[in-house]
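Please open the model in your viewer and keep the selection tool at hand. The tour below proceeds by selections, each followed by an account of what is found there.

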Amino acid sequence: MHTVIAYDICRNNSRSRMFRILRELGVNSQRSLFECELSGEENRRLLARLSELVAPETDSLLMYPLCRRCASGVQILGQGIPLVHTDWEVI
C-alpha cells in the first residue's frame, strides 16, 4: 500500500534517526515527507518503531495509507519525485 509519511520532530537526533529509517523504505519526496510502499504489517511495525522517536508534547508523525486507486490519482507538479512500482527487489 502506498503510504505518505510526514513528520515534524524537534530533537535533532530523533529527527536524524527517523530520516535514516524512512530513507531505507521509501522516497524522500519533500523535506520531512516520505512515500513508501508498505504492507499492512510493515505499516504497523514501522508505526511502532517510529513512535519511539516522537515526543507527543512537541512532535508529530502523520501516516496516510492510500489505496492503489487513490495513489494512482496523485498529481505531481514541478520537481516532484514519483514513487515507482516494481516487481523486483534489491537485496
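Begin with the surroundings of helix H2: select strand E1 (2-8), H1 and strand E4 (60-66), which are among the elements that cover the buried residues of H2. The model is a predicted one.

**Helix H2**

Now select H2 itself, residues 40-51. This helix has twelve residues, and the distance from its first C-alpha to its last is 16 Å, close to the 16 Å expected at 1.5 Å a residue.

Which residues of H2 are buried? Select Asn 43, Leu 46 and Leu 50: these are the buried residues. Turn the view to look down the axis of H2; its buried residues fall within an arc of 65°, so they line one face of the helix. The general geometry is helpful here: an α-helix has 3.6 residues a turn, so residues three or four places apart point the same way. Next, select Arg 44 and Arg 45, which are exposed on the other side of H2.

**The aromatic rings**

How many aromatic pairs does a search of the whole structure find? The search finds two.

For one of them, select Tyr 7 and Phe 34. Their ring centres are 6.5 Å apart and their planes lie at 20°; planes under 30 degrees apart count as stacked, so this pair is stacked. Tyr 7 belongs to strand E1 and Phe 34 to strand E3 (residues 33-37), so the pair ties together parts that are 27 residues apart in sequence. Both Tyr 7 and Phe 34 are buried.

Keep Phe 34 selected and add Phe 19. Here the ring centres are 5.5 Å apart and the planes stand at 65°, so the pair is edge-to-face. Because Phe 19 lies in helix H1 and Phe 34 in strand E3, this pair ties together parts that are 15 residues apart in sequence.

Is Phe 34 buried or exposed? Its relative accessibility is 0%, and Phe 34 therefore counts as buried. Phe 19, with a relative accessible area of 28%, is partly exposed. Finally, show Tyr 7, Phe 19 and Phe 34 together: ring pairs link these residues into a cluster.

**Confidence along the chain**

To finish, colour the chain by pLDDT. The mean for the chain is 84, and 84% of its residues reach 70 or more. Select helix H1 (residues 12-23), where confidence is highest, at a mean of 94. Then select helix H3 (residues 68-72), where confidence is lowest, at a mean of 77.

Definitions and conventions:
Residues numbered from 1 in each chain as written. Predicted model: local features only at pLDDT ≥ 70, side-chain atom pairs only at ≥ 80, totals over all residues. Heavy atoms only, no water. pLDDT = per-residue confidence, 0-100. Helix = DSSP H or I, 4+ residues; strand = E, 2+ residues; numbered from the N terminus. Expected span 1.5 Å × (residues − 1). Buried < 20%, exposed > 50% of the residue type's maximum accessible area, 1.4 Å probe, protein only. Arc of directions from axis to C-beta. Contact = heavy atoms within 4.5 Å. Phe/Tyr/Trp six-rings, centres within 6.5 Å; stacked < 30°, edge-to-face > 60°.
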